[in-house]
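This report walks through a single protein chain, from the confidence of the model to its fold, its surface and one charged residue. Please keep the structure in view while reading.

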Amino acid sequence: MSQDREQEFRPVNQILGSQPSLGPLPADQIFPWTVIALAAYFIINGIFGGLFQDDFKKWLWTILIAGWGMATWWILTGGRSWSFLSKFIGVPVWTRGFARYQSPLEVNHERKNRKTKRRRQRK
């Protein structure tokens, strides 16, 4: 009976463990690319819009800057995004230290301890 179970194949979903995507575009890149494209549009058409005589040049520069930004973002974060983005996560600093015990009932406990130590040393 154990040999029968070993020979049986279980169907496995091929999508398990794969990255979600919309066609050839990885799904985790869509939001940053949208932000980059909107920023390129507002920079070219809003700030530098008066420098261009016709709409073709505006759109050409918008597409070039958006493409450059998207490609840079994909190179930095695509595939192994944690290798670049994990550099910006604050890591806690662990140190060893010992706190002195201070009794909440006695305020001047150090003075008393010093006096008793001096008395013992003198004897």
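## Confidence of the model

Within this predicted model, the element with the highest mean pLDDT is helix H2 (residues 30-47), at 92, whereas helix H5 (residues 109-122) has the lowest, at 59. Over the chain the pLDDT averages 77, and 78% of the residues score at least 70.

## Fold and overall surface

Five helices and two strands make up the regular elements of the chain, and their order along the sequence is α-β-β-α-α-α-α. Of the contacts between residues at least 6 apart in sequence, 39% join residues at least 24 apart. One pair that is distant in sequence is Asp28 and Gly78, which are separated by 50 residues but by 8.7 Å in space, taken from C-alpha to C-alpha. Asp28 itself sits in the loop between strand S2 (25-26) and H2, where its relative accessible area of 39% makes it partly exposed.

The chain has 123 residues, and buried residues account for 12% of them. Its accessible surface is about 11,900 Å², with 61% of that area belonging to carbon and sulfur atoms.

## A nonpolar patch on the surface

Leu38, Tyr41, Phe42, Trp59 and Ile63 together form a nonpolar patch on the surface, and their combined accessible area is about 540 Å². The elements that give two or more residues to this patch are H2 and H3, and H2 makes the greatest contribution, with three residues.

Ile63, one of the patch residues, is placed in helix H3. Why does Ile63 count as exposed? Its relative accessibility is 57%, and because the class of exposed residues begins over 50%, this value places Ile63 within it.

## Lys58 and its surroundings

Helix H3, which spans residues 55-77, also holds Lys58. Is this lysine, Lys58, buried or exposed? Lys58 is buried, and yet it has no salt bridge; the nearest side chain of opposite charge belongs to Asp55, at a distance of 4.2 Å. A salt bridge requires a side-chain nitrogen within 4 Å of a carboxyl oxygen, so the 4.2 Å between Lys58 and Asp55 does not meet the cut-off.

Which residues does Lys58 touch once its neighbours within four places in sequence are left aside? The contacts of Lys58 are then with Ile44, Asn45, Gly49 and Phe52. Of these residues, Ile44 and Asn45 fall within the range of helix H2, residues 30-47.

A further residue to consider alongside Lys58 is Phe48, which lies ten residues away in sequence and 8.8 Å away in space, from C-alpha to C-alpha. Phe48 is located in the loop between H2 and H3, and with a relative accessibility of 38% it counts as partly exposed, whereas Lys58 is buried.

Technical notes: Residues numbered from 1 in each chain as written. Predicted model: local features only at pLDDT ≥ 70, side-chain atom pairs only at ≥ 80, totals over all residues. Heavy atoms only, no water. pLDDT = per-residue confidence, 0-100. Helix = DSSP H or I, 4+ residues; strand = E, 2+ residues; numbered from the N terminus. Buried < 20%, exposed > 50% of the residue type's maximum accessible area, 1.4 Å probe, protein only. Lys, Arg positive; Asp, Glu negative; His and termini not counted. Contact = heavy atoms within 4.5 Å. Areas by Shrake-Rupley, 256 points an atom, 1.4 Å probe, with all protein chains shown as cover. Patch = residues over 30% accessible without salt bridge, like charges linked within 9 Å, V, L, I, M, F, W, Y side chains within 5 Å.
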